[in-house]
Amino acid sequence: MELKDLRDRLDLIDDQITELFKQRMETVKLVAEYKRTNNTPILAAGREQEILDRVSAIAGEDLQEYAKKLFTTLMALSRDYQAEYLQAANSDTSTTNRDT
């Protein structure tokens, strides 16, 4: 297989990862809305550890540390996205409440 073929394959995989990332972040937004409605904190450390344990097992011994790094970063991005979403939602709510 030529290098170009391998790079093309990586490009396709990257496109799939990007689509899955978009789906994940849209779901993260729904989780943030649930947490806002139910007054639940953004960080769920136990849940995050469950995810790290699960993906490490799936990745296998050779890749488990890389999987942990990937998902630790992904969860940090998710928390940041939730915080930003909630801040904007709370700002919109306080503006609406002042207008009425």
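**Salt bridges, core and surface of a predicted helical model**

Glu 19 and Lys 22 join their side chains in a salt bridge, with 3.4 Å from N to O; the term salt bridge stands for a side-chain nitrogen of Lys or Arg within 4 Å of a carboxyl oxygen of Asp or Glu. The structure is a predicted model, in which local features need pLDDT of at least 70 and side-chain atom pairs count only at pLDDT 80 or more, while totals for chains, interfaces and linings use all residues. Residues are numbered from 1 along each chain as its sequence is written, and side-chain values use heavy atoms, with hydrogens and water left out.

Both partners of this pair, Glu 19 and Lys 22, belong to helix 1, where three residues, about one turn of the helix, separate them. Helices here are DSSP runs (H or I, at least four residues; strands would be E, at least two), numbered from the N terminus. Glu 19 is partly exposed at 40% relative accessible area, and Lys 22 is also partly exposed, at 49%. For these classes, buried means under 20% relative accessible area, exposed means over 50%, and partly exposed lies in between (1.4 Å probe, protein chains only).

How many salt bridges does the structure hold? The count is six. Side chains of opposite charge can pair when their charged atoms come close. Another of these pairs is Lys 4 with Asp 8, whose closest N and O atoms are 2.9 Å apart. Lys 4 and Asp 8 are both in helix 1, at a spacing of four residues, or about one turn of the helix. Lys 4 is exposed, with 56% relative accessible area, whereas Asp 8 is partly exposed at 32%. In helix 3, Glu 65 and Lys 68 form a salt bridge as well, with an N to O distance of 3.7 Å. Because Glu 65 and Lys 68 are three residues apart in helix 3, about one helical turn separates them. Both residues of this pair are partly exposed: Glu 65 has a relative accessible area of 46%, and Lys 68 has 29%.

Turning to the interior, the largest nonpolar core consists of five residues, namely Ile 51, Leu 52, Val 55, Ala 67 and Met 75. Such a core is a set of buried Ala, Val, Leu, Ile, Met, Phe, Trp, Tyr and Cys residues joined through side-chain atoms within 4.5 Å. Helix 2 (45-59) and helix 3 (64-99) are the elements that give two or more residues to this core, and helix 2 provides the largest share, with three residues. Leaving aside residues up to four places away in sequence, Leu 52 touches Lys 68, Phe 71, Thr 72 and Met 75, where contact means heavy atoms within 4.5 Å. Lys 68 thus appears both in a salt bridge with Glu 65 and among the contacts of Leu 52.

Two polar residues of helix 3 are worth a look. Ser 78 is located in helix 3 and is buried, with 5% relative accessibility. Arg 24, Met 25 and Val 28 are touched by Ser 78, again not counting residues up to four places away in sequence. Gln 82, also in helix 3, is buried at a relative accessible area of 6%. With the same exclusion of residues up to four places away in sequence, the contacts of Gln 82 are Val 28, Val 31, Ala 32, Lys 35 and Ile 42. Val 28 is therefore a shared name in the two contact lists. Ser 78 touches Val 28, and Gln 82 touches Val 28 too.

Further along helix 1, Arg 36 is partly exposed, with 33% relative accessible area. The side chain of Arg 36 makes a polar contact of 2.7 Å with the side chain of Glu 33. A polar contact is a pair of N or O atoms within 3.5 Å; within protein, one must be able to donate a hydrogen and the other to accept it, and residues adjacent in sequence count only if both atoms are side-chain atoms. Arg 36 and Ala 89 are 53 residues apart in sequence, with a C-alpha to C-alpha distance of 8.9 Å.

In the loop between helix 1 and helix 2 lies Asn 39, which is exposed at 73% relative accessibility. The phi of Asn 39 is near 50°, a positive value in a residue other than glycine. Most residues other than glycine have a negative phi.

On the surface, Met 1, Leu 3 and Leu 6 form a nonpolar patch with about 340 Å² of accessible area together. Leu 3 lies in helix 1 (residues 3-37) and is partly exposed, with a relative accessible area of 49%. Patches are made of residues with over 30% relative accessible area and no salt bridge, with like charges joined within 9 Å and nonpolar side chains (Val, Leu, Ile, Met, Phe, Trp, Tyr) within 5 Å. Accessible areas come from the Shrake-Rupley method with a 1.4 Å probe, and for residues only the protein chains shown count as cover.
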